[in-house]
Amino acid sequence: MNAHRHLHDHDSGEGLTPVEEARQRVLSLIAPLPPVELSLREANGCVLAGDVVAGKDIPAFASSGMDGFAVRARDVAGATPDNPASLSIVGEVAMGHGADVAVPAGGAVRVPTGGIVPEGSDCIAPIEHCLVEEDRLLVLLSPEPGRYVRPAGEDARAGDLLVPSGRRLLTPELGLLAAAGRGSVWVHPRARVAILSTGDELVEAGAALSYGQVPDANSVTLYGAVREAGALSLPSQIVPDDPKRLQKAVRSGLGGADAFIVSGGVSVGERDPVRGAFAGSNEVDFYGVAMQPGMPQAFGIVGGKPFFGLPGNPVSVFVSFEVFVRPALLKMMGHRSLFRPEVTARLETDIAGPKEKTQFARVLVREGADGWTATSTGSLQSNLMSTVSRANGLAIIPAGVEQLRAGEQCTVMLFREFEG
Ligand code: AMP
Ligand code: MG
């Protein structure tokens with residue numbers, strides 16, 4: 001990407017890398033993290049790293065589907081309220097225990113829902129269809145063979161594929177794996193992400209500001225973005241505009257982090273510390289992407305770990321994360337589907353953008369009776385986070401298109417459901 005180093009005037013596409021090409025280059029350098037064994041609870045949301053096959057039949061034994069009596073169908077055939085079958089109650093099955101009695105001809109064993117169906121019986125007479133007189137049972141309606149018996153192996157047979165490799169373990173998968181008796185599974189771990197904000201002007205959000213200082217919004221934005229992608233955020237740091245301090249922060253974080261996201265300081269400015277720290281290292285590429293917001297970008301592998309250098313403006317951070325970092329983190333965590341869903345929406349407002357760049361415009365998308373509509377949430381400037389907070393999508397105005405007018409169709413990447 002060295003050919004794309006010189007960053008030009010803000011509307012020109014000259015020397016800039018197209019968005020898709022930049023994204024593919026990033027993804028081509030990202031590999032899934034090696035699998036680890038996690039308990040089912042810890043594995044919730046992680047991607048399975050190998051097929052899980054049933055070791056045994058599920059359920060393991062035939063059980064009753066009703067509270068009632070295990071009987072022989074032949075003994076109760078033709079029973080009616082006027083002509084009930086009379087059987088002798090010979091025992092009872094307790095939940096969680098084997099049946100220590102079998103059902104003899106002319107006999108019945110009391111069974112609760114979920115209790116083992118004892119040897120000798122082939123159906124259940126539900127309690128609602130019976131009268132009990134001491135140790136005699138009158139069956140008023142005749143169940144056919146197999147009635148109210150939940151057979152062993154009905155959910156899955158030993159050897160059946162339960163969950164395929166590559167599936168994200170959500171509620172349905174967790175329930176099935178637990179029902180299959182699994183305590184743990186091999187999954188791709190959550191990526192541990194180190195988040196660094198660069199800038200002499202930055203102060204922890206919530207702390208007192210002196211004039212000219214700025215709250216560190218990016219590390220909080222990235223915390224949310226990382227967590228919502230299913231990854232883990234390590235404690236973030238504000239690093240001053242000093243390449244040595246930044247280098248030190250990154251090198252000392254290498255042991256515990258799987259990836260780095262640094263915001264600010266990737267431009268050509270004298271004091272831009274990411275450039276100062278890594279431009280000469282051959283580990284990190286600095287290039288301009290033909291996109292707005294988010295043009296200056298840095299990416300490389302530092303000490304074996306993916307390193308993202310994002311421009312400092314808060315909206316640029318948000319958009320760059322969506323376009324480059326999120327797909328990369330998902331790939332690290334074993335996901336096969338890396339991109340946000342897209343819809344085609346009818347614009348309700350004009351949206352203009354620099355002709356040579358892909359514009360990611362913040363929009364509010366709604367689904368109406370005649371399809372999706374998208375409305376701009378405000379100015380295209382990259383420092384206005386309110387435009388993100390009102391949006392649920394990024395309208396993609398491709399390079400080569402200067403303006404889309406209200407009424408025209410537009411592709412929109414949906415980044416969240418919108419509540420309220
Ligand atoms: P830079 O990319 O470092 O040149 O920063 C571009 C703009 O983004 C400047 O106005 C910075 O003050 C602002 N900025 C950089 N980092 C942050 C941050 N972590 N939180 C909020 N604003 C930031
Ligand atoms: Mg800066």
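Colleague: How is the open sheet of six strands ordered, and what pairing does it have?

Modeller: Strands of a sheet pair through backbone hydrogen bonds, either parallel or antiparallel. In this predicted model, the order is β8-β5-β7-β6-β10-β9, with mixed pairing. Strands are DSSP runs of E of at least two residues, and helices are runs of H or I of at least four, both numbered from the N terminus. Two strands pair if DSSP finds at least two bridges between them.

Colleague: Which strands stand at the edges?

Modeller: β8 (123–126) and β9 (130–133) do; each has a single partner strand, so one side of each is left without a neighbour in the sheet. Neighbouring strands here are turned by 40° against each other on average, direction ignored. For such angles, axes are lines fitted to C-alpha atoms, for helices over the stretch in contact, and values run from 0 to 180 degrees between N-to-C directions.

Colleague: How many bridges join β9 to β10?

Modeller: Four, and β9 runs antiparallel to β10 (residues 136–139). Glu133 has Arg136 in β10 as its bridge partner.

Colleague: What conventions apply to numbering and values?

Modeller: Residues are numbered from 1 along each chain as its sequence is written, while chains are lettered from A and ligands numbered from 1 in the order written. Because the model is predicted, local features need pLDDT of at least 70 and side-chain atom pairs count only at pLDDT 80 or more, whereas totals for chains, interfaces and linings use all residues; side-chain values use heavy atoms, with hydrogens and water left out.

Colleague: How many aromatic pairs does a search of the whole structure find?

Modeller: A pair of aromatic rings is described by the distance of the centres and the angle of the planes. The search finds three. Rings of Phe, Tyr and Trp (its six-membered ring) pair if their centres lie within 6.5 Å; planes under 30 degrees apart count as stacked, over 60 as edge-to-face and the rest as tilted. One of the pairs, Phe299 and Phe308, is tilted, at 4.9 Å centre to centre and 45° between the planes. Phe318 and Phe415 form an edge-to-face pair, with 4.9 Å and 70°. That pair links helix α8 (residues 314–332), which holds Phe318, to the segment after β30 (409–414), which holds Phe415, 97 residues apart.

Colleague: Is Phe318 buried or exposed?

Modeller: Phe318 is buried, at 13% relative accessibility. Buried means under 20% relative accessible area, exposed over 50%, partly exposed in between (1.4 Å probe, protein chains only). Phe415 is also buried, at 9%.
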